[in-house]
Amino acid sequence: MTLTNHPKSPSEKSDVAPIVAQLREVFAGGRTRNADWRIRQIKGIERFLDEREPEIVSALAKDLDRSGTEAWFADIALVKAEAVYARKRVRRWMRRRPQPLPLNQLPAVGWVQYEPLGVVLIIGPWNYPVHLALIPLVAALAAGNVAVVKPSEVAPATSALLSYWLPRYVDPEAVVVIEGDAQVTQELLSQGLDQVLFTGGTEIGRRILEGAAPHLTPVLLELGGKSPVVVASDADLEVVARRVAWTKLFNSGQTCLAPDYVLAERSIHEELVRGITDTLTQFRADQRGRGLRIVNERQFDRLADSLADTSGRIVFGGGSDRETLTIEPTVIADPDPDDAVMRGEIFGPILPVLAVDSIDEAIAFVNARPKPLAAYYFTSSRTVVTKLVNAISSGGAVVNHAAVHAMAPQLPFGGVGASGMGAYHGKWGFQAFSHRKSVLVKPFKPDLKVIYPPYTARSVKILRRLF
């Protein structure tokens with residue numbers, strides 16, 4: 001049975017269950033454990049990205065109004081870099097790792113070996129529907145698993161693209177794309193899979209955990225949160241403005257790692273606000289009067305309502321157009337911490353910039369809220385860097401830039417607390433989709449009798465020395 005396309009999304013158990021059963025059969029056959037098979041699958045993803053770039057760009061334009069450059073950068077180039085990195089290292093990652101043993105276990109040898117988990121489910125989001133489906137898939141295949149990819153129905157053109165093309169570049173009996181809504185996701189979870197990776201919002205993340213709990217299915221959650229930017233008075237404000245504006249505008253601000261709000265020391269607050277607004281003007285010189293596209297009406301209304309509700313000064317932008325679902329890049333100076341833009345993750349092109357009297361105040365502000373997916377610190381002081389990195393708990397941290405840590409496969413990417421659990425990318429992804437099995441091998445001889453009952457005073461004395 002070859003599954004290459006699902007024009008009608010499975011929505012009943014009779015649709016989903018046979019697919020999962022086939023995947024289990026393929027996994028049990030053992031072919032995914034072979035390094036050559038894993039490498040071929042990753043090469044297939046690379047070829048998909050190379051050969052289907054026009055179709056990928058077109059689908060992302062339909063779903064998100066994403067420019068060709070942004071589509072290439074985020075959903076093609078970065079994914080290919082991750083795939084190449086993994087492909088070149090799969091054999092090395094698969095090797096058993098010898099481990100030293102305590103004296104009481106000798107003579108013996110011990111090692112850790114990595115085994116694939118089995119059937120894994122990758123639930124992709126709508127904001128980076130290629131990137132955040134394929135980078136986890138690279139990790140899952142590098143680890144030797146079979147996989148179900150469930151794209152987001154909120155990005156239908158990209159979902160259809162993945163469903164049609166991806167199985168033509170990888171083993172279609174080991175990688176299946178299933179389209180559908182939340183009902184399909186819950187039906188997949190009810191199959192008792194071996195691992196789930198979900199990228200998306202916190203509320204849906206809770207539902208994923210609930211669906212996985214009856215089967216004790218392990219879940220890797222990549223969520224979001226309000227990723228703060230802390231700017232010290234000694235920072236290069238021109239660079240700060242450029243880097244914060246760039247990462248905030250990307251994908252209309254609909255990025256889990258986007259700077260959510262800025263805390264700037266009071267002495268440089270106004271200068272930084274001017275710098276950010278000037279930079280936004282420069283970046284959008286060829287798009288004046290045109291807002292940034294928001295994915296759907298629900299998200300648009302949420303953002304527009306938060307703008308209408310703010311008590312802060314709108315110093316740049318603020319306009320919106322429901323007919324075109326666009327919102328202008330907006331900078332809000334000193335909104336109340338209880339404003340809507342400060343309560344929940346913004347996930348749009350709106351940037352609050354607040355003044356604080358000290359770095360300590362900034363630390364207290366961030367730590368009084370749920371742990372963010374990332375935190376960004378701008379300063380020339382090593383002392384301040386150390387203080388911020390050590391004092392604030394976040395999934396990741398970047399000094400003097402924003403979001404770029406997610407572009408490095410050498411670093412684990414993941415959240416903490418409300419921003420997620422587990423991490424992947426590079427070897428961390430390989431390990432996240434593997435079981436680390438400990439193996440200890442002993443010879444038949446010697447076989448010390450002192451460890452067996454009945455115990456004498458002498459044997460107990462010897463055991464106490466050994467342990």
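This is a short talk on the cores, the helix packing and one sheet of the structure above.

The model is a predicted one. I will begin with the cores.

The largest nonpolar core has 112 residues. Within this core, the residues with the most contacts are Leu134, Leu137 and Val231. Which helix supplies the largest share of this core? That is helix 6, residues 131-142, with 10 residues. Another core lies apart from it and has 27 residues. Tyr261, Val341, Ile346 and Val356 are among them. As general background, nonpolar side chains in soluble globular proteins tend to be buried together.

Back to Leu134. Leaving out residues up to four places away in sequence, Leu134 touches Ile45, Phe48, Leu49, Val79, Leu162 and Leu166.

Now the helix pairs. Helix 3 covers residues 53-64, and helix 4 covers residues 68-87. Their axes come within 9 Å and cross at roughly 110°. An angle from 65 to 115 degrees counts as roughly perpendicular, and helix 3 and helix 4 are therefore roughly perpendicular to each other. Their crossing is right-handed. On the helix 3 side, the contact is made by Glu53, Ile56, Val57 and Leu60. On the helix 4 side, it is made by Gly68, Ala71, Trp72, Asp75 and Ile76.

Helix 3 also packs with helix 7, residues 156-165. Here the angle is about 150° and the axes are 7 Å apart. The cut-off for roughly antiparallel is over 145 degrees, so helix 3 and helix 7 are roughly antiparallel to each other. Helix 3 makes this contact with Glu55, Ile56, Ala59, Leu60, Lys62 and Asp63. The residues from helix 7 are Pro156, Ala157, Thr158, Leu161 and Trp165. Ile56 and Leu60 of helix 3 appear in the contact with helix 4 and also in the contact with helix 7.

Last, the sheet. There is an open sheet of seven strands, in the order 11-14-15-9-8-16-17, and the pairing is mixed. Which strands lie at its edges? They are strand 11, residues 313-316, and strand 17, residues 396-399, and each pairs on one side only. From one strand to the next, the twist averages 25°.

At the strand 11 end, three bridges join strand 11 to strand 14, residues 330-333, and the two run antiparallel. Ile314 stands opposite Ile332 in strand 14. Helix 12, residues 297-309, packs on the sheet and touches strand 11, strand 14 and strand 15, the last being residues 350-356. The direction of helix 12 makes about 35° with that of strand 15.

Methods. Residues are numbered from 1 along each chain as its sequence is written. This is a predicted model: local features need pLDDT of at least 70, side-chain atom pairs count only at pLDDT 80 or more; totals for chains, interfaces and linings use all residues. Side-chain values use heavy atoms; hydrogens and water are left out. A nonpolar core is a set of buried Ala, Val, Leu, Ile, Met, Phe, Trp, Tyr and Cys residues joined through side-chain atoms within 4.5 Å. Buried means under 20% relative accessible area, exposed over 50%, partly exposed in between (1.4 Å probe, protein chains only). Helices (H or I, at least four residues) and strands (E, at least two) are DSSP runs, numbered from the N terminus. Contact means heavy atoms within 4.5 Å. Two strands pair if DSSP finds at least two bridges between them. Axes are lines fitted to C-alpha atoms, for helices over the stretch in contact, and angles run from 0 to 180 degrees between N-to-C directions. Angles under 35 degrees count as roughly parallel, over 145 as roughly antiparallel, 65 to 115 as roughly perpendicular and the rest as oblique. A crossing is left-handed if the near helix is turned anticlockwise from the far one by less than a right angle, and right-handed if clockwise.
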